[in-house]
Amino acid sequence: MTTPAALRCGDVVRIRGERWRIVRHVTHDGAAVVDAAGCGATNRASRATFLLPCEPIDLLPASSTPRLVTPAEWRHVARRALAEAWPSWTSLRAAARAAFDIIPFQLEPALALVRGDGCRFLIADAVGLGKTIQAGLMIAEMLARRPDARALVVAPAGLRDQWCDELGRRFGLDPVVLDAPGVAQLSAGLPPEVNPWTVRQVAITSIDYVKRPETMRGLETLTWDVVVFDEAHNLTGRSDRAAAAALLADRARVLVLLTATPHSGDETAFARLCGLGNPDGEEPLVVFRRTRADAATGGSRRAPILRIRPTPAEAAMHAALMRYARLVWTEGAGGARLVASVLARRACSSAASLARSVERRLALLTDSGAADHPQPALPYGDEDDAEPDTLLGLPGLRNAADERRRLEVLLRLARDAAERESKLAALERVLERANEPAIVFTEYRDTLRQIARALGVEGLVELHGGLTRRERADALRRFTTGGARVLLATDAGSEGLNLHHGCRLLINLELPWTPLRLEQRAGRVDRIGQHRRVHIVHLVAADTCEEVTLGRLVRRLHLSRATLSPFETLPDERAVVEAALSIRPITADARRASAMPHGTITLDLGADAAAEAAWIRQARALGANDGHTDMPNRPVIAVVRRRARRTVPSRGVWLFRLGFVDGAGHHVGHLPLALACTLAGPERRADSKLRTALDPRHPAVQDLLRRAGDERLLALQLSCRGAIRRWHRREHALIASLRAHHARLSAVLVQRGLFDGRLDRLADAQAARLSEALSRSHERMADLDACDRLRLEGHDLLFAVVLE
């Protein structure tokens, strides 16, 4: 049986009775992880990973003597060799095999990663420009270069399955979704000492699961090569979510933040986002922010605003509501103003929704006095789609009797208006006229159910924040496969979904009071890959605060959506509410550009990405044309006649594969090297003369090979040096963070008054956890030190040819 140390890339081995060619292997302490491509009759075109010495492996004999082949066979071998060759060390190894259309700007973050331009990345492209693909490529590239790497994706709960599908289908990865059932299922088949978070290389979880102290406890011994936070704008507050995200970010060698809305208008929140994963303040944040104009996606969108004339009952309801809400806004302070905001939003959603909220408010004001209601710490822009009961009991007007009288009148008017709602009738007409798949957005779950009852049609599914994972998946499956024609959705239930393949029509029943949500909603259907014109229809109640404030703002946003500057902010919900309830219009200069925080940088990688895209397309074309051909077990030689009308000297061309190892003798990769020279004369007369002319051991060829190999090695050392220094600094920061927190994660999220004694008793166990966590970082430091001493391992001839 062959030992791991004896293996080299390109060797042909026998594993489980089949022939495999080694594509890549990583050795450590007598063991090795081997990636192999099938080259036998039964496993051709298959790829697999094997663990040695657990897997018996036999090295098959290989001859270095070139084999003479026909020009056609040589072309097949040449195409396969060129398809598998990386032009440079920073070429993207995972992209050529990935299943996505190559768009140059999407390669830029991965290129910045492999070049060592940074360790923290913010991908803040506009909605629909493929942030998931970009982050997935970064994960795949890290795993392609380090087979022992681990990645963690933290996404909203509703997006976990989508992430799992994208990483598996597009990049051939094998991720696992880890929530309470997933961890329990994995743990049931594992020994007690095996951490279920280490079983798969890529783990996907939600922030609401990972923030639990008992979950964080299981992560204390782990560090991650890549951590991705999807919808990262949700992690900038002061909450357990944000605390958990900050702790995990400090454990990441590479941190990737994804959000289409990096700046909501809150400078402090934006600074917290940019500070994630930077405990010592020394690591810059590499920012990528591309608009649709920058990406040149070429899609078109129509966004008409349909003025819906309210019924007399609805008009009376809106008038009474605005009189009450503006009086509350004038008399009250923080809590009262929140109540006014909620009621105004509910009225824009539907009269029935407003009636439920007013009825609930009357009950709460009756049951309890004002002193019993502390103001809740509920920020504007909350993503929950349930009815906001917790706010409705807050005090409003100073005169309680007057307030109750006004609310009773408003409740009666809302109930009358709910008998026939003009927006629901208009929605039914639009859907009937369109007669194609459509998504209908509303802000609240109870309004969504009212729409479902009003439409009363078959082929309708709901998507909201109250669904289980299985119910959500079933609803999406029915809509995307054509089993349902209408999808009723809330913002909380549909964030980040890709629904553009079978749908281009989106209808907003009401305009969200957070303008950024409009673009988030549109991004469900207006994305890269949408080949039809997109229609975004806004239903706006005429002559109400919705039209006066929000309608005007939406028109301006639609006209300028393609020209937003990198961090231009829009009016947030607070500004919209103030404009609606204090009769203070949003000014034309409400959009403003925010300064880039200290420590953020941008890179111009457009030219490099275009060149990389061209190489990837070429590699894919070469591999597609000769996907049935495997690299032979020995070099090949051939004579090929050129299509030249004039007499030209014969030329010999050799393609070698140079192997490189680090200071510890571990294989780190290989690069192609082509050599060419003029031959003395025709070489087709005899096989022996052809072999002599193309003999790679010829002194002239060896001299060229030696000098070119030294140049390649020097260039490789220089290109890696800066990246190694940066990764060194990141590893030092990670070690310092581990020691500063004593490897604790869960302690930050636990009420210490309840558990101080328990934590003290576990001090010895925590020390062992710290040692385990530090051991991987020390191994990585040793690997980086070894990579700073690269050397040429050797060279193999792949093919040679005489061009006559």
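Biologist: What makes you say that the charged end of R346 sits over the ring of Y444?

Modeller: This is a predicted model, and the charged end of R346 is placed 4.6 Å from the centre of the Y444 ring. The cut-off is 6 Å from the ring centre, together with a position within 35 degrees of the ring normal. R346 therefore counts as sitting over Y444.

Biologist: Which residue lies over the face of W89?

Modeller: R93 does, at 4.6 Å from the ring centre.

Biologist: How many aromatic pairs does a search of the whole structure find?

Modeller: Four. One of them is F100 with F171.

Biologist: Why is the pair of F100 and F171 called tilted?

Modeller: The ring centres are 5.8 Å apart and the planes stand at 50°. Pairing needs centres within 6.5 Å; planes under 30 degrees apart would be stacked, and over 60 edge-to-face. An angle of 50° fits neither, so the pair is tilted.

Biologist: What makes F100 and F171 a link between distant parts of the chain?

Modeller: They are 71 residues apart. F100 is in the loop between α1 (71–83) and α2 (108–115), while F171 belongs to helix α4 (residues 160–171). Both F100 and F171 are buried.

Biologist: Why is the pair of W197 and Y209 called stacked?

Modeller: Their planes are 20° apart, with 6.4 Å from centre to centre. Stacked means under 30 degrees, with centres within 6.5 Å, so the pair qualifies. W197 is in the loop between α5 (180–188) and β10 (202–206), and Y209 is in helix α6 (residues 207–210). W197 and Y209 are both buried.

Biologist: Why are α3 and α4 called oblique to each other?

Modeller: The axes of helix α3 (residues 131–145) and α4 cross at roughly 60° and come within 10 Å. Roughly parallel needs under 35 degrees, and roughly perpendicular runs from 65 to 115. The angle of roughly 60° falls outside both ranges, so the helices are oblique. Their crossing is right-handed.

Biologist: Which residues meet where α3 and α4 are in contact?

Modeller: From α3, they include T132, I133 and L137; from α4, they include W163, L167 and F171.

Biologist: How do you know that α13 and α14 are roughly antiparallel?

Modeller: The axes of helix α13 (residues 351–367) and helix α14 (residues 400–417) cross at roughly 150°. The cut-off is over 145, so roughly antiparallel is the right term. The axes come within 8 Å. The crossing is left-handed. Among the contact residues are L354, V358 and L362 of α13, with L407, L411 and A414 of α14.

Biologist: What makes α2 largely enclosed by the rest of the structure?

Modeller: Seven of its eight residues are buried, so α2 is largely enclosed. The buried residues are E108, P109, A110, L111, A112, L113 and V114. Just after α2, G116 has a positive phi of about 80°.

Biologist: Why is R253 called buried?

Modeller: Its relative accessible area is 6%. Buried means under 20%, so R253 qualifies. R253 is in strand β12 (residues 252–258). Beyond its neighbours within four places in sequence, its contacts include D225, E731 and S777.

Biologist: How far apart are R253 and S777 in sequence and in space?

Modeller: They are 524 residues apart in sequence and 9.8 Å apart in space, C-alpha to C-alpha.

Notes:
Residues numbered from 1 in each chain as written. Predicted model: local features only at pLDDT ≥ 70, side-chain atom pairs only at ≥ 80, totals over all residues. Heavy atoms only, no water. Phe/Tyr/Trp six-rings, centres within 6.5 Å; stacked < 30°, edge-to-face > 60°. Helix = DSSP H or I, 4+ residues; strand = E, 2+ residues; numbered from the N terminus. Buried < 20%, exposed > 50% of the residue type's maximum accessible area, 1.4 Å probe, protein only. Axes fitted to C-alpha atoms, helices over the stretch in contact; angles between N-to-C directions. Left-handed = near helix turned anticlockwise from the far one by under 90°. Contact = heavy atoms within 4.5 Å.
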